[in-house]
Amino acid sequence: MSIESNLLKKERQNVTFSVEELTNVWDGGKEDTEIRRKVVKVFGDDPVLKSPPICTMTREERYTEATRKCVYIFRNMLQKNGIYPGSKEFEHFWNAMPIEYTLLIHMGAFIPCIMSFGSEEQVAKWLPLSANLNIICTYAQTELGHGSFLRGLETEATFDRETQEFVINCPKVSSMKWWPGDMGLNANHALVMANLIVGGKKYGMHPFMVQIRDLSTHMPLPGVTVGDIGSKMGFEAIDNGFLYMKNVRIPRENLLNKNSEVKPDGTYVKKASDRLMYGSMVNLRVNLPKSQAIDVLAKACTIAIRYSAVRRQGLLNPGGAEVAVLDYTLQQHKLIPQLATVYATKFAGEGIIKKHQAFLQNMAKGNISDLAEIHALSASFKASVSEQCTEGVEVCRRACGGHGYSQASGLPHLLSKVTPTCTYEGENTVLYLQTARYLVKCAKEKAADLPESILFLVQPIQNARGNITSLDNLALYFKNRAALCVQAASKKVNQMSNKGLAMHEAWDKSSVQLVHATKAYVIQYIFDAFASFVKEVKCSKSVKEILEDLCCLYGLHYINNCSGDFLKLGILTAHHCNIAEEAEIALLEKLRPNAVGIVDAFDFTDSSMESCLGAYDGNVYERLFDMAKLSPLNKEPVHQASYKYLRPYLLEGRDILEGAKSKL
Ligand SMILES: CCCCCCCC/C=C\CCCCCC(=O)SCCNC(=O)CCNC(=O)[C@H](O)C(C)(C)COP(=O)(O)OP(=O)(O)OC[C@H]1O[C@@H](n2cnc3c(N)ncnc32)[C@H](O)[C@@H]1OP(=O)(O)O
Ligand SMILES: Cc1cc2nc3c(=O)[nH]c(=O)nc-3n(C[C@H](O)[C@H](O)[C@H](O)COP(=O)(O)OP(=O)(O)OC[C@H]3O[C@@H](n4cnc5c(N)ncnc54)[C@H](O)[C@@H]3O)c2cc1C
């Protein structure tokens, strides 16, 4: 056993709680852990899912491998193992997916969309075809020229009454669809968001099913120009695409018509609120943070903390032995708060998922009164979590020093996976502004007209009592701050407007404060949800203590990072801030011996991380060397390029050196 493996073994011997029990809490119960492990095992044992490490493959190989595996998973494996949408097993299957996958938009975005936009007949037609991969469909909303401002989308669907068809056109280069995943190479259909035009009248954005490739040859259909947009910062396996449509004709029935319809005579019938058109986005904003951001940060923490426990560099005591870098207070200050973020966002996210499910049940009964609240909550939650996790993964990467920059660490891959969560499914600033709009409106309402989650905005500010670092008091500081920030931002909008600015100008001039206020609102929501979870969870005292410490750390770390705000608003004094700073450092020291145990409790398999630094056995140096040997550049002892281009000068060098030698 290597020295490093021994170090991790010792770390595990010192853990003061049951790792298995914390895993159960993380998963949502013992039974859930068993189900997740079963699913992970099925995937892990399957030889068809084996492939070379991604850092040794070209982009083309990565796309090919990911597509091969995903077709197998979605067409054979899930059914064979009884993993169906809606089942507990399915909830855990993201955990078991190969490190890179395609068909994500087809499965994760298109299928939910067809269910929310399609009539019963349309769902009956398209759902089985897509579930069986008989068609592959992308979600084509964003265009080259517009992504955020949906009213600016330019693709048109014009009703031709004579032929009973819609004619789809991208009038300009800027109107072509750009970015949709699975669209470049795999998709033969696209759910195209286009402006509906009937009899010269524009009805705004509507969803259309458009066939883009021939079903037998997979060649683009007439009028369709489609392809891959090229290499990106990450997601290299995915064929994000462009789609340029000129006079592409589709039958009238291909307008997804659960919410609105065009009759054969051209009559436009609206059946539900326009806002339900945005429902698919709410769905993804609620559901994607867990698998695309929180789990990614959890993996980065696992890698960085295991590595920091075995990486020895420098001395704490003069003349003593070299210490693990995790023993430095500053390393703990980088990494342990990231663990707290993982826990806080995961448990707050679960509450939002439940709220969304309740909203969907009400919507099925025709009640959409909670739409504004769930939109505001999901938009700001997605924005905040993606931001916190992206920052967190980068902190973990840098905390691994030079090796964190190597693809072999697995960290650059995680960073490139989490970074776009700040952009896709709604650019974060744009989403914060959406929530700000809701908050400013709510701040003007009477308490009786507001949902519980937002009541604090209009209630009197309460004073903290007792221990200033108790979870109750921390929750109160966050609430007070959010309420005061929203009031201040609303006041600024009013002041600007009273000075004579038009409302949209007043809004823009106040947007820095508005986004700040929204961030304050969502952090109070996350903290409150995590603190409530910690209070209520049934578990042993030792596990509860870990969760309480992580919750307290989440709050203190946040407060210490923006203490100016709390001071400015008169919520904390300088004395309080000093206490908060010392309390955070004390918590880091307390959590340090359990750090490896806490990341072990995430229970990630080595293959799900592909990291030489983060493997369970801690054998980092052998793994790094083995991975380097696999580099395609090391295939031959002499690389053709260096031989070809350097040879003349090397020969000169040889002659000079040999001449010098003969003169000696
Ligand atoms: C187990 C399942 C796991 C699933 C995991 C899946 C994993 C998938 C992983 C990765 C997938 C990657 C997917 C990426 C896909 C994409 O990126 S698709 C493209 C997404 N694009 C966007 O999100 C665009 C962002 N822009 C917007 O949302 C809107 O344009 C805008 C709302 C920002 C502005 O639109 P505008 O027309 O100007 O509207 P407003 O005038 O601002 O608002 C009008 C009113 O509508 C309300 N509203 C807006 N959005 C919503 C909504 N989503 N829901 C409900 N209501 C909404 C808004 O509040 C206004 O209301 P008021 O007038 O009352 O204030
Ligand atoms: C990996 C990836 C996958 C994607 N997958 C899909 C997909 O499957 N389907 C699909 O349709 N799309 C997809 N997209 C597109 C994505 O949804 C858009 O990129 C996103 O909505 C942002 O829009 P944009 O690119 O137009 O950014 P822009 O809106 O142009 O943003 C540029 C800057 O302008 C700022 N800005 C914009 N509006 C405002 C405002 N009102 N106030 C203040 N600032 C503002 C933004 O904050 C940002 O800083 C994907 C994108 C990526 C990166």
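**Figure 1. Surroundings of Ala520 in helix H16 of the predicted model.** Ala520 belongs to helix H16, which runs over residues 511-536. The residue is classed as buried because 25 C-beta neighbours lie inside 10 Å, against a threshold of 20 or more. Once neighbours within four places in sequence are set aside, the contacts of Ala520 are Arg481, Ala482 and Cys485. Phe478 stands 42 residues from Ala520 along the chain, with 7.2 Å between the two C-alpha atoms.

**Figure 2. The shell around ligand 1.** Ligand 1 is surrounded by 28 residues, and Gly108, Leu150, Tyr278, Tyr424 and Gly426 are the closest. Two or more residues of this shell come from each of helix H7 (104-117), H9, helix H11 (371-399) and H13. H9 makes the largest contribution, with 7 residues. Sorted by class, the shell holds 14 nonpolar, 10 polar and 4 charged residues.

**Figure 3. The shell around ligand 2.** The residues around ligand 2 number 21, the closest being Gln141, Thr142, Gly147, Ser148 and Thr429. Strand E1 (137-140) and helix H13 (428-443) both provide at least two residues of the shell. The largest share, 3 residues, is that of H13. The composition by class is 10 nonpolar, 10 polar and 1 charged residues.

**Figure 4. Thr142 and Gly181, annotated as "binding site" in UniProt.** The annotation comes from an unreviewed entry and covers Thr142 and Gly181. These positions span 40 residues in sequence, yet no two of their C-alpha atoms are more than 10.8 Å apart, so they gather at one spot. Thr142 sits in the loop between E1 and strand E2 (156-160) and is partly exposed, since 18 other C-beta atoms lie within 10 Å of its own. Beyond residues up to four places away in sequence, Thr142 touches Gly147, Lys177, Trp178, Trp179 and Pro180. Gly181 is located in the loop between E4 and E5 and is buried, with 24 other C-beta atoms within 10 Å. With the same sequence neighbours excluded, Gly181 touches Leu104, Ile105, Thr138, Ile238 and Asn240.

**Figure 5. Asp182 and His218, two loop residues with positive phi.** Most residues other than glycine have a negative phi. Asp182, although not a glycine, has a positive phi of about 70°. Its place is in the loop between strand E4 (177-178) and strand E5 (189-198), and its 27 C-beta neighbours inside 10 Å make Asp182 buried. His218 has a phi near 65°, likewise positive in a residue other than glycine. His218 occupies the loop between strand E6 (201-211) and strand E7 (224-228); with 12 other C-beta atoms within 10 Å, His218 is exposed.

**Figure 6. Helix H13 and the elements that cover it.** The 16 residues of H13 should span 22 Å at 1.5 Å a residue, which agrees with the 22 Å between its end C-alpha atoms. The buried residues of H13 are Asn428, Leu431, Tyr432, Leu433, Thr435, Ala436, Leu439, Val440 and Cys442. An α-helix has 3.6 residues a turn, so residues three or four places apart point the same way. The cover over the buried residues of H13 includes H11, helix H14 (471-498) and H16.

**Figure 7. Leu297 in the largest nonpolar core.** This core has 180 residues, among which Leu297, Cys301 and Phe530 touch the most other members. Helix H9 (residues 279-310) supplies the largest share of the core, 18 residues. Apart from neighbours within four places in sequence, Leu297 is in contact with Gln338, Thr341, Val342, Cys389, Gly392, Val393 and Val418. In soluble globular proteins, nonpolar side chains tend to be buried together.

**Figure 8. Two spans annotated as domains in UniProt.** An unreviewed entry assigns "domain: Acyl-coenzyme A oxidase N-terminal" to residues 18-136. The end C-alpha atoms of this span lie 45 Å apart, and its content is 68% helix and 0% strand. Also from an unreviewed entry, "domain: Acyl-CoA oxidase C-alpha1" is placed at residues 278-440. For residues 278-440, the end C-alpha atoms are 21 Å apart, with 72% helix and 4% strand.

**Figure 9. Helix H8 and the residue Leu133.** H8 comprises 12 residues, 120-131, and reaches 16 Å from its first C-alpha to its last, close to the 16 Å expected at 1.5 Å a residue. Leu133, just after H8, adopts a positive phi of about 60°.

Key:
Residues numbered from 1 in each chain as written. Chains lettered and ligands numbered in written order. Predicted model: local features only at pLDDT ≥ 70, side-chain atom pairs only at ≥ 80, totals over all residues. Expected span 1.5 Å × (residues − 1). Near = placed C-beta within 6 Å. Nonpolar A, V, L, I, M, F, W, Y, C, P; charged D, E, K, R; others polar. UniProt positions renumbered as here; feature names shortened; annotations may be inferred. Core = buried A, V, L, I, M, F, W, Y, C linked by C-beta atoms within 7 Å. Contact = placed C-beta atoms within 7 Å.
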